[in-house]
Amino acid sequence: MALAVVLFVLVVATIVFHFASPWWFTDLAADWGTIDFTINITFWVTGFVFIACNLFMAYCVWKFRQKEGHKAVYEPENAKLEFGLSVFTTVGVIAMLAPGLFVWAQFVTPPEDAAEFEVLGQQWQWQFRYPGADGRLGTADTTFVSETNPFGINPDDPNGMDDVVVNDPIMHLPQYQPVKALLRSNDVLHNFTVTQFRVKMDLVPGLVSYLWFDPTVEGTYDILCEELCGIGHFVMRGSVVVETQEKFDAWLAAQPTFAETQAQAAPDLIAGQAQYATCTACHGAAGEGNQMLNAPKLAGQQAWYIERQLDYFKQGVRGGDGDTYGQQMTAFANLLTSDDAVRNVAAYIASLPDEPAALTIAGDVSNGYDIYDRNCAACHLDDGAGTWYTDAPKLAGMNDWYFVTQISNFKAGIRGLHPQDDFGEQMVSMATAMADLEEVQDVAAYINTLR
Amino acid sequence: MAYVPLADRDHEMEMHHPHTWIGKYVWSQDHKVIAIQYGSIAIFTGLVGLVLSLLFRLQLGFPESVSFVDPNFYYQAITMHGMIMVVYFLTALFLGGFGNYLVPLMCGARDMVFPFMNMLSVWVFLVSVIILMASFFVGGGPTGAGWTLYPPQTAMAGTPGHDLGIVLMLVSLAVFIVAFTMGGLNYVVTILQYRCRGLTMMRLPLSIWGIFVATVLGLFAFPALLVAAIMMLFDTLLGTSFFMPAVLESGTALDHNGGSPILFQHLFWFFGHPEVYIVALPAFGLVSDVLSVHARKNIFGYRMMVWAIIAIGGLSFIVWAHHMYVSGMNPYFGFFFATTTLIIAVPTALKVYNWVLTLWEGDIRMNVPMYFAIGFIFTFIHGGLTGLFLGNVVIDLPLSDTYFVIAHFHMVMGVSPILVLFAAIYHWYPKMTGRMFHEGMAKLHFWLTFLGAYAIYLPMHYLGFLGVPRRYYALGTTEFIPASAQDLNATITIAALIVGISQLLFFINIIWSLRYGKKADPNPWGAASLEWQTPDTPPAHGNWGDQLPTVYRWAYDYSVPGAHQDFIPQNTPESEEPTVSDEHFDPDTEKSLANL
Amino acid sequence: MKLFRSVTNKPWERKGIIGGMRPEGAFNTDAERVALSFFLIIASVVFSLFTVSYFIRMELPDWQPLAEPTQLWLNTGLLVASSVLFQWARNIVGSGQSNNLLIALVGAGVFALLFIVGQLLTWQDLQAAGLYLSSNPANAFYYLMTGLHAVHLLGGLWVWSRSTIRLLSGAEVTDIKLSIELCALYWHFLLLVWLVLFALLANT
């Protein structure tokens, strides 16, 4: 009896929850209304069956509850009824399946005029590549991957030279232009998902998969990885900007081609040394750092990281509210007026002899090891050397006190929350592996042993 | 023909009754003891899985304030939770536990056909669990590659437990498969060859049909997992490249080349999809019997139910790639697998209709098992219908890898089978222990579990509609996920905690009742099937005393017009009770009788 | 059609004892034979899945076919001899005699052991030729599939050794009749599997 009422209430509650729920499909931003249409058919067919079956069951439970003198009716089967129900179900299934297959046929055959672009996934970043004027992407392979050629583009393939490479997790697409994404992975499985486009597909190392869509609504959308790809899976994010063709063309023209990235002259260490003179006051002539001035050690750090941080200070991505010492840095970074100047000084710093910094932090090394080994080593490597591949700077032999301040900044939301700080955002999430200041110090103490 | 001397029975077996405590309860070859051993190990392992789920639910619900779950542990916890629940808990409990307990009893046999192998099965199963649990204590911890163990990441540095954890997991699975094969051969051969006199296949209770077809599925599907595990072990330990393509690990090329990660997925899901039915079919069978007994009505459309079980079992081998619509495999496969997948909906829907129609014009006794059985129908309808979303290939595009998938499969192969497990445990508890459980506590347990589970999984579907991705340690900041989604996640966690903790009621009840429960009647529910007709309660070693039973009718003679009571046990001769139809057995069978 | 009829009948209309001692639906044979038949199907599934994986993996570009050692022909001969001797043993116990049974049984086992030794020798030759397990998937499949086949044969030899020991310690022929019959069936199955594997490995 109670159960019959509860079943009835549950059906009603489910319907109420559905209509009251603010959680529903995001607004469609691509020309996949057919997918939403198929979902709606399935939703209403299954919704009807859900309500009908459960209300009928609730009725039975109430109506045929045990009563004095009542006896169940003996009826082994009713072939006609069962046959009728089978036919009814089959019709419902066909009603849901047929449009689904029709739409799937659209999905597997991209239109002739779809513009191609490439999505490259690797632990745990997105990168993108657009064909140049020839409209063709050059061949690529993991064997060619290096710090200067993160896409692994075949240097001997003329088609690849004019490919536009976007070594940032932010991509742009023109509105009302069907696009076919070619999906490639350098390491494990990933999955390219933009919820508002409705479609998704795995990136599989060793092969090229694809999906296509026609972006219709201007805006910025999140790209998420939706295939478990290791410990950084949940921080593998990017974004896609859908804009008018003109804006898109302008953006694309501003991105370097593969040939340009390869033709870059070697950084000028002499010029870098000259630029570095300004830095010596705080960071020291040998880049050894100065804790009194809150200037971290730079020597030994990788050039790509120094370069990126200088750019961040220039763009205001770092050194925002609450970051007192970072704000000091902004002024100095702005002295480096050109990209070349930044490259030169970064290269000079990377060339300085690396002496491990003095130890200032003590902590529980074994707890630090535990946390580091479980959560940090995946990017910063077992020996704390860091690598461009995972966008992870060197930690071993650097200032432990600086490590503590920066992790505290990540945890406090002072660093990493700027919308353009895609890599810092990852650290904001990963830094939660250290519960409190004490654990941060434990990890620092462990990193101190890696030298 | 009524009495057959023992010596003439070609499948009368010799029983060795052990006399020591260890012989009776540890190295026992009695299927009932083995069933309880299997069940206890499975439930213990399931508890580990439950605790893991609560830990990572805490992280998901309250990411800011839960500090003891770091990303590494989160991925290990979801992986181990998934594998434990699917393989070591549900499969082992349904087939190792209920299969072992019910098969010989419902078939009117003294024991399994190979009791020694049956005993080996449970001990090898224990070894596999120990190996699995050992991975919590090795360097690097258990694998965190997701329960699907997709290469290449299983063996790569960015994945928790990529060195020892994954090896122990694969070895444990291989050992489990050995255990399952030993047990499974027993169930299948016992059901085929050791049924008592007169017990035709079509007279078997649906429980046995469910267990039978599920076991056959397991015997043919687990080899795919074994093959995948062996090849992955070779890749991990010996440097082969079956599944490992050329990949970079932290920017350096690994010494692998050319392997196919998708081949692994095909093998995994060729096992993985039948696995769903390995769990579901015994649940279908058990719940059919519970419904029929407590509605005092035969299961409606018995033949259709048997055919549906067989059809679902057969079809389950040709739908596996519906787990791989967005895996990067040839997308044209989608047409075939979407069609086969939605065809399965028809026999499955028929089963649901027949369960509900069994209630129609019944005389429903609202006993505790019936609550769980009806709760099962409700959650199964919900879970089955959401399966139509995911099976329809194009709808899978937005929903795949979101919370919708989590909600769907927990509804259909988590909550639903577990409700059946509780129904079955409460239903057979009096027979297994000779005591009644505490009814009030059991009802409270039902309400908390049933309503709580629905409160967990109904909202989760809506997070999936929204597009919230699964396997995310924290949602972080996105444009499209509103803060209210996190609140909903917190609510789900609270519901999960309540459901998790309320399981204590179940454990307290079954342990307390062992000692203090009311003495139970041999047949408290008035059930017609054979296991309730044993001379002893709980059944003694050998089950049937001096003489095996003889079966004269099917297992569902309830409320037969003109009968003395509202059920007729299967071993009641037709001369003692009226028959509804005047059509008697056909001449062919008469002949085969004469041949003996 | 008997099976079809038995699952379509209406069980609620049929009362009484159907099928006598062996209820309708049971096979008229020993339980052990049914169990072995199931096991053979399971083993076939395992080998088939490896074969399917072999074909799929073969299509990928880095595959370099392995030139199979000619010694495999000799090994095949050894396994055939083993199977033939087992059949002989089976015929002997089938006719209820015991003449030459020991010769046939021991011979079958010895030839099977020689087969395994022969397989190991091919492994050694391949290693010596620098064709290691990890150098190419074709090699890996060779080691894996021959190894798996040998493991199955070792399992059979364990049962064989128990029967042989029982025979040597004076057991009645009737006591080991079933064991020998089932072993013979298993041996033929493994011979068949080996022939298929051999054909597969030799032709690709």
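Helices and strands here are DSSP runs, a helix having at least four residues and a strand at least two, numbered from the N terminus. With those labels in hand, the tour can start; note that the model is predicted.

**Stop 1: a cis bond in chain A**

Select A:Trp124. This residue sits in the loop between strand S1 (115–122) and strand S2 (125–130) of chain A. Look at the bond that precedes the residue: A:Gln123 and A:Trp124 are joined by a cis peptide bond, with omega at about -5 degrees.

**Stop 2: two crossing helices in chain A**

Stay in chain A and select residues 365–380, which are helix H11, together with residues 437–448, which are helix H14. The two pack at an angle of about 90 degrees, and their axes are 7 Å apart. Angles of 65 to 115 degrees count as roughly perpendicular, so H11(A) and H14(A) are roughly perpendicular to each other.

Now show the side chains where they meet. From H11(A), pick A:Val365, A:Asn367, A:Gly368, A:Tyr369, A:Ile371 and A:Tyr372. Opposite them in H14(A) are A:Glu439, A:Asp442, A:Val443, A:Ala445, A:Tyr446 and A:Ile447. By class, the residues of this contact are 8 nonpolar, 2 polar and 2 charged.

**Stop 3: the interface of chains A and B**

Colour chains A and B separately and select what touches. The contact takes in 109 residues of chain A and 119 residues of chain B. The two chains bury about 9900 Å² between them, with 69% of that on carbon and sulfur atoms. On the chain A side, select A:Trp23, A:Tyr74 and A:Trp104: these supply 9% of the area that chain A buries against chain B, more than any other three residues.

Polar contacts between chain A and chain B come to 35 residue pairs, both residues being at pLDDT 80 or more. Several elements of chain A each supply at least two residues to the side that touches chain B, among them helix H1 (2–20), helix H2 (33–63), helix H3 (79–108) and strand S9 (219–225). H3(A) gives the largest share, 17 residues. The chain A side as a whole divides into 62 nonpolar, 31 polar and 16 charged residues.

**Stop 4: a salt bridge between A and B**

How many salt bridges does the rule find across the interface of chain A and chain B? There are 2. To see one of them, select A:Glu77 and B:Arg303, whose closest N and O atoms are 2.7 Å apart. The side chains of B:Arg303 and A:Glu77 meet in this salt bridge; B:Arg303 lies in helix H8 of chain B and A:Glu77 in the loop between H2 and H3 of chain A, so the pair joins two chains. Over all chains, the structure holds 21 salt bridges.

**Stop 5: the interface of chains B and C**

Keep B:Arg303 selected and bring up chain C. Here 63 residues of chain B are in contact with 47 residues of chain C. The buried area between the two is about 5100 Å², 71% of it on carbon and sulfur atoms. Within chain B, the residues that lose the most area to chain C are B:Gln193, B:Phe220 and B:Arg303, together 12% of what that side buries.

Which residues form the salt bridge here? Select C:Lys15 and B:Asp557; their closest N and O atoms are 2.8 Å apart. The rule finds 1 salt bridge across this interface, along with 11 residue pairs in polar contact, both residues at pLDDT 80 or more.

To see which parts of chain B face chain C, select helix H5 (164–193), helix H6 (206–238), helix H7 (261–294), helix H8 (302–315) and helix H15 (587–595), each of which supplies at least two residues of that side. H6(B) gives the most, with 10 residues. The residues of this side are 34 nonpolar, 18 polar and 11 charged.

**Stop 6: two backbone details in chain B**

Select B:Pro538, in the loop between helix H14 (483–516) and H15 of chain B. The peptide bond from B:Thr537 to B:Pro538 is cis, and omega is near -10 degrees.

Last, go to B:Ser250, in the loop between strand S1 (248–249) and strand S2 (252–253) of chain B. B:Ser250 is not a glycine, yet its phi is positive, at about 50 degrees.

Key
Residues numbered from 1 in each chain as written. Chains lettered and ligands numbered in written order. Predicted model: local features only at pLDDT ≥ 70, side-chain atom pairs only at ≥ 80, totals over all residues. Heavy atoms only, no water. Contact = heavy atoms within 4.5 Å. Buried area = accessible area lost by both parts, 1.4 Å probe. Salt bridge = Lys/Arg side-chain N within 4 Å of Asp/Glu carboxyl O. Polar contact = N/O pair within 3.5 Å; in protein donor to acceptor, adjacent residues only side chain to side chain. Nonpolar A, V, L, I, M, F, W, Y, C, P; charged D, E, K, R; others polar. Axes fitted to C-alpha atoms, helices over the stretch in contact; angles between N-to-C directions. Parallel < 35°, antiparallel > 145°, perpendicular 65-115°, else oblique.
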